[in-house]
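Grab a pencil and have a go at these exercises. Try each task on your own before you read its solution.

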Amino acid sequence: MKLENVLSELDGFGRFQLRTVFLMVIPRVTLPFHFLLNNFIAAVPSHHCDISSLDNRGIFRNLSLADRLVVSIPVQEDGTPNSCKMFAEPQYHLLLNSSNITDLTTVPCQNGWVYDNTTFHSTLPTEWDLVCDKKRVNKATATIFFMGVMLGAAVFGYLSDRFGRKRVLLLSYVTTTLFGFASAFSYNFAMFAAMRFFTGFGISGISIITMVLCIEWVDIKHRTAVGVLMSMDWSVSTALLPAVAYFLNGWRYLTAVVTTPLFLAMITWWWIPESARWLVSNGRVNTAHFYLSKCAKVNGREQFMADLKPEVLSKVIILENENRKYSYLDLVKTPKMRRLALLTGIVWFGVACTYYGISLNVTGFGVNIYLTQFIYGASEIPAKVFIFFTLNKIGRRLNQAGTLALTGLCLFCSMFIPQEMGVYKTILGALGKMFSEASFTTVFLYTSELYPTVMRQNGLGFSNFMARIGVSVSPMIMLLEEVWIPLPSAVFSLVAFAAALSAYFLPETRNSRLPETIEDVEQTRRLSFSTSNEKSLS
């Protein structure tokens with residue numbers, strides 16, 4: 001008897017599992033909200049120097065705003081006022097002839113800036129003047145957040161394998177809520193940066209634990225549906241975020257509101273079941289029997305659990321040592337686990353690096369930021385519909401390798417399209433983004449199926465750590481366009497092809513039961529599920 005058989009007998013995707021998925025969607029709404037929040041709170045509106053100091057004799061009151069800017073601020077090559085410089089003295093003669101300003105003395109802004117509040121009421125740059133010489137500080141806010149995500153993936157991956165999925169998930173809820181609201185009430189940038197780091201640290205646990213908890217509660221034939229369904233909330237929430245940002249046109253309100261779903265998540269946490277797989281793998285068969293009995297009651301299969309005693313569950317997973325505690329070191333202690341960690345690390349690095357690389361490289365759709373963000377979210381849905389139908393047809397391995405290879409191919413082809421053919425570059429970029437999103441959807445499900453239960457969160461934590469390194473490297477790769485414009489596309493395509501090659505050497509997991517122990521991985525036990533041979537339970 002295997003645990004897969006037990007779940008199948010309990011209706012592997014019944015009302016109990018559907019309820020669990022719904023309870024996981026509530027906190028997962030906050031994932032794209034926070035991951036993409038920087039697009040709105042760190043946006044830099046049009047701005048120019050505050051020129052009030054130049055009006056020492058009250059002459060400006062007789063001039064229109066346009067004339068004040070003409071005499072006070074030099075213009076750039078495109079005809080717009082310079083954002084970071086002003087004239088040392090008012091140049092009233094420019095009202096008559098503004099054609100020659102090359103010899104006029106300019107100085108950096110002396111009294112701050114005036115911002116255009118048409119699109120954004122307040123952002124980080126307008127709050128703390130993170131423009132001109134401080135614009136790199138503003139750009140660092142996203143990096144700081146993802147550094148927290150990177151560290152959180154490692155820490156929460158270990159803790160959830162050590163202490164259980166449910167308890168550590170609550171810790172993640174509380175951490176994200178506490179520091180998310182602290183971010184909204186920050187009184188200087190240093191405090192905000194620290195709070196965002198710890199928000200990223202906490203939300204990383206939500207990202208990896210919710211997916212694994214749902215995968216571990218469903219049977220084999222429904223894992224694909226659950227994996228794709230759980231990833232769909234990212235796209236829907238990505239499309240929802242610009243609507244929220246539009247009506248909450250201030251960074252403090254927006255930061256607070258996108259964190260509020262976690263209050264409901266903490267209330268509904270009481271109804272979340274602990275993973276029966278994790279409980280049995282850690283020798284806690286009585287607690288596992290309790291949760292399986294609850295599953296049976298909700299799904300209308302109570303008679304089956306009445307006949308299944310707790311001591312029988314202790315035999316569904318053969319453990320070498322029930323008291324053994326697992327850590328990240330176990331990823332490299334044995335040959336096949338070492339190989340698995342290496343290959344999944346490369347795949348996750350490639351998936352994340354190319355996904356964010358394409359997002360940075362696609363120039364947009366020529367519309368405002370709110371509509372652009374909505375289109376980006378909506379464009380990911382076809383990719384997930386496509387992957388839903390192909391995962392069970394051609395398997396995880398070929399889907400993962402294929403979508404990465406197609407992503408690399410789109411990037412490679414874009415190198416040969418001249419800049420003036422912008423429409424074709426945009427089409428290729430959008431196609432590349434769709435394939436990249438398909439690879440992201442696949443990799444969460446695939447990795448959850450590759451690692452054994454006793455190391456599943458550690459494996460996902462390590463993989464997420466590698467992914468965040470890929471995210472951090474993407475902006476630096478984009479800087480290579482200063483050397484040669486197509487060079488970033490060339491590097492991203494090579495990364496995608498390398499990740500595709502690594503994915504090709506991973507084992508297939510379609511229609512296979514989940515490995516429970518490291519021994520399952522090392523001994524290459526037959527993991528396929530056969531209802532005819534294993535259905536009888538005794």
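Here are three exercises on this predicted model, each with a worked solution.

**Exercise 1: confidence**

Find the mean pLDDT of the chain, then look at residues 525-538.

*Solution.* Start with the whole chain: its mean pLDDT is 86, and 91% of the residues reach 70 or more. Now go to residues 525-538, where the pLDDT is below 50. Beyond near neighbours in sequence, that stretch still has 25 contacts in the model.

**Exercise 2: two helices**

Work out how H2 and H12 are oriented to each other, and which residues make the contact.

*Solution.* Two packed helices are described by the angle between their axes and the distance between the axes. Helix H2 covers residues 15-28 and helix H12 covers residues 261-268; their axes come within 8 Å and cross at roughly 150°. Angles over 145 degrees count as roughly antiparallel, so that is how H2 and H12 lie to each other. The crossing of H2 past H12 is left-handed. On the H2 side, the contact is made by Leu23, Ile26 and Pro27, and on the H12 side by Pro261, Leu262, Leu264, Ala265 and Thr268. Sort these by class and you get 7 nonpolar residues, 1 polar and no charged ones.

**Exercise 3: a disulfide**

Check the pair Cys49 and Cys109, and decide: is their disulfide left-handed or right-handed?

*Solution.* The sulfur atoms of Cys49 and Cys109 are 1.8 Å apart, and the cut-off for a disulfide is within 2.5 Å, so the pair counts. The torsion about their S-S bond is about -65°, so the disulfide is left-handed. Next, place the two ends: Cys49 sits in strand E1 (residues 47-49), while Cys109 is in the loop between strand E3 (106-108) and strand E4 (113-115). They are 60 residues apart, so this pair links distant parts of the chain. The total count is 2 disulfides.

Methods:
Residues are numbered from 1 along each chain as its sequence is written. This is a predicted model: local features need pLDDT of at least 70, side-chain atom pairs count only at pLDDT 80 or more; totals for chains, interfaces and linings use all residues. Side-chain values use heavy atoms; hydrogens and water are left out. pLDDT is the predictor's confidence in each residue, from 0 to 100. Contact means heavy atoms within 4.5 Å. Axes are lines fitted to C-alpha atoms, for helices over the stretch in contact, and angles run from 0 to 180 degrees between N-to-C directions. Helices (H or I, at least four residues) and strands (E, at least two) are DSSP runs, numbered from the N terminus. Angles under 35 degrees count as roughly parallel, over 145 as roughly antiparallel, 65 to 115 as roughly perpendicular and the rest as oblique. A crossing is left-handed if the near helix is turned anticlockwise from the far one by less than a right angle, and right-handed if clockwise. Ala, Val, Leu, Ile, Met, Phe, Trp, Tyr, Cys and Pro count as nonpolar, Asp, Glu, Lys and Arg as charged, and the others, Gly among them, as polar.
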